[in-house]
Amino acid sequence: MDFKDILEKRRAINYFDPDRDVDETLLRAVVESAAKAPSSYNLQPWKLKVLRDPARKAELRALAFDQPKITEAPVVLMLLADRDGWKGGNATLESVFRDFVKSGKMQADQKEWFEGVTQGLYGRDAEAVQAFANKNAGLFAMSLMYAASHHGLETHPMDGFDHDGVRRAFGIPDNYWIPMLIAVGHLKPGVTLHPRNWRQSYDDMVLG
Ligand SMILES: Cc1cc2nc3c(=O)[nH]c(=O)nc-3n(C[C@H](O)[C@H](O)[C@H](O)COP(=O)(O)O)c2cc1C
């Protein structure tokens, strides 16, 4: 599918077919395509929790304004933005640094310098840390939704949920913010989508 068609096709759909699953191989392909998303210093400060179990999804739905798509979609992804992703010792950062060394982009003895740079850029204060985690996770989320469209799937991003309630119920460690949930599945047969909501034009967006 042409990328322009993917941009047109992706919608936040409200009605998922509860009888049509998304198998593990397909989900893996979507997530691994989305992993090509860009990130600050390639630090990729994001993780996912994959929810398929009906009881767990029901628990999540109750914490998310009872949105039916959470239980109707076969898969709900909980996106986790890692506020520790800039810190030395963080497993993903360590892998990123190893890769920089392996590919000759950095020398092994530059680790301290590298950690100083990531701290200066992303770990200055709580606001910078929150921005770092969420802007990067947002880019991953968008890539994931386009990748899902490419693979013939529908999605719906949601931030209408009780953040602290979800954190407690699912045992999410403090270093993660939960920017959104993403329901993934297929459109319920017979459902017609509403026309697309209003979008800003070029002139609306560009400030003088
Ligand atoms: C971060 C984010 C959070 C959202 N949260 C919700 C939500 O909790 N419930 C909901 O019904 N829609 C939610 N939406 C969907 C938006 O309302 C929808 O994307 C927007 O109206 C544009 O429609 P479209 O995606 O079909 O083009 C969310 C979208 C984004 C990007």
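## Around the ligand

Let's start where a biochemist might look first: the shell around the ligand is made up of 4 nonpolar, 3 polar and 3 charged residues. This is a predicted model, so please read every value here as computed from it. The residues around the ligand are R11, A12, Q67, P157, M158, D159, G160, M180, R196 and N197. Two of the names in that list, P157 and M158, belong to edge strand β3, which covers 154-158. M180 is also around the ligand, and this residue falls within strand β4, residues 176-185.

## The chain as a whole

Stepping back, the chain holds 9 helices and 4 strands. Read from the N terminus, the elements follow the order α-α-β-α-α-β-α-α-α-β-α-β-α. The C-alpha trace spans about 60 × 45 × 40 Å along its principal axes.

## The sheet

How are the 4 strands ordered in the sheet? They form an open sheet in the order β1-β2-β4-β3, with antiparallel pairing. At the edges sit β1 (46-51) and β3 (154-158), each of which pairs on one side only. From one strand to the next, the twist averages 25 degrees.

It is worth tracing one of these pairings on your screen. Strand β2 (residues 75-82) and strand β4 (residues 176-185) run antiparallel and are joined by 7 bridges. A handy landmark here is L77, which stands opposite I182 in β4.

## A helix across the sheet

Now turn to helix α7, which takes in residues 126-150. This helix lies across β1, β2, β3 and β4, and α7 runs at about 5 degrees to β4.

## How α2 meets α7

Helix α7 also has a helical partner to look at. Two packed helices are described by the angle between their axes and the distance between the axes. For helix α2 (residues 24-34) and α7, the angle is about 135 degrees and the axes are 8 Å apart. Angles over 145 degrees would count as roughly antiparallel and those from 65 to 115 as roughly perpendicular, so α2 and α7 are oblique to each other. The crossing of α2 past α7 is right-handed.

Which residues make the contact? On the α2 side they are V30, V31, S33 and A34, while α7 contributes F140, S143, L144, A147 and A148. Sorted by class, the residues of this contact comprise 7 nonpolar and 2 polar, with no charged ones. The shell around the ligand, by contrast, does include 3 charged residues.

Notes. Residues numbered from 1 in each chain as written. Predicted model: local features only at pLDDT ≥ 70, side-chain atom pairs only at ≥ 80, totals over all residues. Near = placed C-beta within 6 Å. Nonpolar A, V, L, I, M, F, W, Y, C, P; charged D, E, K, R; others polar. Pairing = 2+ DSSP bridges. Helix = DSSP H or I, 4+ residues; strand = E, 2+ residues; numbered from the N terminus. Axes fitted to C-alpha atoms, helices over the stretch in contact; angles between N-to-C directions. Contact = placed C-beta atoms within 7 Å. Parallel < 35°, antiparallel > 145°, perpendicular 65-115°, else oblique. Left-handed = near helix turned anticlockwise from the far one by under 90°.
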